[in-house]
Amino acid sequence: MQEIQHRILVINPGSTSTKIGIFDGETSIFEKTIRHDSTEIGSYANIIDQYDFRKRTILKSLDQEGMNISKLSAVCGRGGLLRPIEGGTYEVNEQMLRDLKKGYSGQHASNLGGIIAYEIASGLNIPSFIVDPVVVDELDDIARISGFSLIERKSIFHALNQKAVSYRVAKEIGMKYEESTFIVTHMGGGITVGVHKNGRVIDVNNGLHGDGPFSPERAGTVPAGDLVDLCFSGDYYREEVMKKLVGQGGLVGYLGTNDAVKVEKMIENGNLEAKKVYEAMAYQVAKEIGAASAVVFGKVDAIILTGGLAYGKEFVSNITERVNWIADVIVQPGENELQALAEGALRILRNEEQVKVYPNRKRVEIK
Ligand SMILES: Nc1ncnc2c1ncn2[C@@H]1O[C@H](COP(=O)(O)OP(=O)(O)O)[C@@H](O)[C@H]1O
Ligand SMILES: CCCC(=O)OP(=O)(O)O
């Protein structure tokens, strides 16, 4: 019997870009990255306010490329800041839409993935899904302890790409993901460093809310006492401080751009401040990888560098020379998220996997 060829539209809203693709089965027939500069994105008060702009941009791009979406089998979006859940493919439902609109665990562009997928899919009477959203939570209990009893550490990271790249690398080096230990560093608009042990992400910095290295648009960990003083100085509203941490932090705060390619041009043109800040970002990433290696007693099969910033040769070499004593560094620039979204939807459409129903709050216990 001939297998049905499913056509899937995939949508990945990131903090600095919107990536879209159309897949026939596993085969990509169209992919596009639409970059958004920080002034364009920064003009919206909330993520949900970007809904019209991002959806219009997606539909316009598809139209310009002559992509007919009337014959789709499903639409799959990158999932956002929902309640903490286990990994997998979830059908978008009412509860999920409410949580995405509200930003149950915070505000991030990926909240729009499920919402836009649902809107496009419901117009075509087909299902919409999300896969491995940024709230996938497999943390060891010890990693949840922050040191401040009122605040628990949370798992918010590039789950989709970290997992997809880990499977790919494991295969390439002749190991099984479920039997390997990787430190995976995704470096996009946000930066997350995950400790993957036997197929679970047992520790990772919260890439959104002030934890870990600074990034193109985020502050990462900042001195807590000074931050409290700033919050109570009377000089800033809550939203202003949040924006300075997420969206207008990191490279944007120091250099006015979230675009590392522009920063590299500034450095080429002799801008010493840009050089110092860019090197400091690499320094902080390396430091986080060092800390992550201590979680697994230094027994690491490979360190993986991925995401858009991994295209930056000098940046990657600054990190590598500080951490390659821990394990081999494998560089996988860009991300595999569009493919991973398509494959997540295909497994459901082909009945190879059971679709998950949100909310499914089971935490994965690690023995
Ligand atoms: N060739 C490159 N060299 C250096 N940095 C790059 C390159 N391509 C993209 N980047 C940077 O990667 C970052 C975006 O990474 P990406 O993974 O696409 O992020 P997101 O998905 O969060 O939008 C931006 O700062 C961008 O300038
Ligand atoms: C919220 C964690 C994931 C993240 O930071 O994604 P982007 O780099 O796409 O903003």
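Visitor: What makes the approach of Ser 15 to an oxygen atom of ligand 2 a polar contact?

Guide: A polar side-chain atom of Ser 15 lies 2.6 Å from an oxygen atom of ligand 2. A polar contact is a pair of N or O atoms within 3.5 Å, so this pair counts as one. This is a predicted model, where local features need pLDDT of at least 70, side-chain atom pairs count only at pLDDT 80 or more, and totals for chains, interfaces and linings use all residues. Residues are numbered from 1 along each chain as its sequence is written, chains are lettered from A and ligands numbered from 1 in the order written, and side-chain values use heavy atoms, leaving out hydrogens and water.

Visitor: Which distance does a polar side-chain atom of His 108 keep from an oxygen atom of ligand 2, and which does one of Arg 218 keep?

Guide: For His 108 the distance is 2.7 Å, and for Arg 218 it is 2.5 Å. Of the 310 Å² of accessible area that ligand 2 has on its own, the protein covers 96% (Shrake-Rupley method, 1.4 Å probe).

Visitor: Why are 7 residues of the shell around ligand 2 called polar?

Guide: The shell divides into 2 nonpolar, 7 polar and 2 charged residues. Ala, Val, Leu, Ile, Met, Phe, Trp, Tyr, Cys and Pro count as nonpolar, Asp, Glu, Lys and Arg as charged, and the others, Gly among them, as polar. Gly 14, Ser 15 and His 108 are among the residues around ligand 2, so these three count as polar.

Visitor: What does each domain give to that shell?

Guide: Domain 1 (7–138 + 338–357) and domain 2 (159–334) each supply at least three residues; the bounds come from an automatic or database domain assignment.

Conventions:
A residue is near a molecule or strand if one of its heavy atoms lies within 4 Å of it. A polar contact is a pair of N or O atoms within 3.5 Å; within protein, one must be able to donate a hydrogen and the other to accept it, and residues adjacent in sequence count only if both atoms are side-chain atoms.
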